[in-house]
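Please examine the protein shown below before reading further. The paragraphs that follow lead through its helices, its strands and its interior.

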Amino acid sequence: MKRKITLLACSTFISFGILFGQVTQSSITRASSNPRTCGTMDHETFLNQQDPARAANRQAYEQATQAYIAANQNAMTTQSVMTIPVVVHLLWKTAAQNITDQQIQSQITVLNQDFGRTNPDASNTPAAFVPVAANTTIQFCLAQRDPNGLATTGIERFNTSVTSWSANDNMKHTATGGLNAWDPTRYLNIWVCNLGGGLLGYGEFPTSTVSQTFGVVILYSAFGSQTIYPS
């Protein structure tokens, strides 16, 4: 239960971390003429429309998480590092979209720096957040075993025929030209692809019902520590 709560609850924080914390200054400067947006809340509205019970399930999960935190507060302050295996589902149509393993690993490195508060700009933390800024004791690595127990790099590549994607989760299904999620209670799923409509990416809030679309979606050109926005 502890691992499940940690893994699912991390996803939304990770999406915001990647969407807003990992793009380089050159990306931000270039984006001024081509703004990109986070689609998380629009995606949440989409999911609620698909499932009328979702809002109640999300509230139940939030309550269960808060109860868990309250009951395990002492243990959580002294816990050892928890490492979450990540699978990156890379969907590409052009050579530029087929980013390198090194680019993907750079994003994992930046995530670990941010979640461990070892990032180079930690000293620039706004004063209001300094009292709560801390090492989360959560780290990430590319998965070494797939759901069948076979060796893997943690990177799944697929040459799709889809030109661009929206926030309707089609990239998360093989039937619609994407790639299916790996068990979301065992892996953090990240889909990297060419998003249209000005989307930078989006995450999915956890609920008491395990979702087979749970994870984070990121624009390929905003993934990693040396990325730039497309012109």
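**One helix, then the whole chain**

In helix α4, the residues R54, Y61, T65 and Y68 are buried. These four residues lie on the same side of α4, because they cover an arc of only 65° around the axis. The other side of α4 carries exposed residues, namely A56, Q63, A70 and A71. The length of α4 can be checked as well: its 18 residues, at 1.5 Å a residue, should span 26 Å, and the C-alpha atoms at its ends are 26 Å apart, so expectation and model agree. It should be kept in mind that this model is predicted.

A second helix, α3, may be read in the manner of the first. Which residues of α3 are buried? They are T40, H43, E44 and L47. Viewed down the axis of α3, the buried residues fall within an arc of 105°, and therefore they line one face of the helix. On the other side of α3, D42 and Q49 are exposed.

The two helices also meet. Helix α3 comprises residues 40–50 and helix α4 residues 54–71; their axes come within 8 Å and cross at roughly 115°. From α3, the residues E44, L47 and N48 make the contact, and from α4 the residues R54, A55 and R58. By character, the residues of this contact divide into two nonpolar, one polar and three charged. Some of them have appeared above: E44 and L47 are among the buried residues of α3, and R54 is one of the buried residues of α4.

The view may now be widened to the whole chain. The protein chain has six helices and seven strands. Along the sequence, these elements follow the pattern α-α-β-α-α-α-β-α-β-β-β-β-β. The chain has 231 residues, of which 45% count as buried. Of the contacts between residues at least 6 apart in sequence, 75% join residues at least 24 apart.

The interior deserves separate attention. The largest nonpolar core has 36 residues, and those with the most contacts inside it are I104, F140, M171, I190, V192, L195 and F223. Two or more residues of this core come from each of β2 (82–92), α6 (101–116), β3 (138–142), β5 (188–193), β6 (199–203) and β7 (216–219). Strand β2 gives the largest share, six residues. What surrounds one of these core residues, M171? Apart from its neighbours within four places in sequence, M171 is in contact with L91, W165, S166, G178, L179, W191, C193, L195, Y202 and V217.

Finally, two loop residues have a backbone feature to notice. T137 is not a glycine, yet its phi is positive, at about 60°. This residue lies in the loop between α6 and β3. Is T137 buried or exposed? T137 counts as buried because its relative accessibility is 17%, and the cut-off for buried is under 20%. D169, likewise a residue other than glycine, has a positive phi near 70°. Its place is in the loop between β4 (155–159) and β5. With a relative accessible area of 4%, D169 is buried.

Notes:
Residues numbered from 1 in each chain as written. Predicted model: local features only at pLDDT ≥ 70, side-chain atom pairs only at ≥ 80, totals over all residues. Heavy atoms only, no water. Core = buried A, V, L, I, M, F, W, Y, C linked by side-chain atoms within 4.5 Å. Buried < 20%, exposed > 50% of the residue type's maximum accessible area, 1.4 Å probe, protein only. Contact = heavy atoms within 4.5 Å. Axes fitted to C-alpha atoms, helices over the stretch in contact; angles between N-to-C directions. Nonpolar A, V, L, I, M, F, W, Y, C, P; charged D, E, K, R; others polar. Expected span 1.5 Å × (residues − 1). Arc of directions from axis to C-beta.
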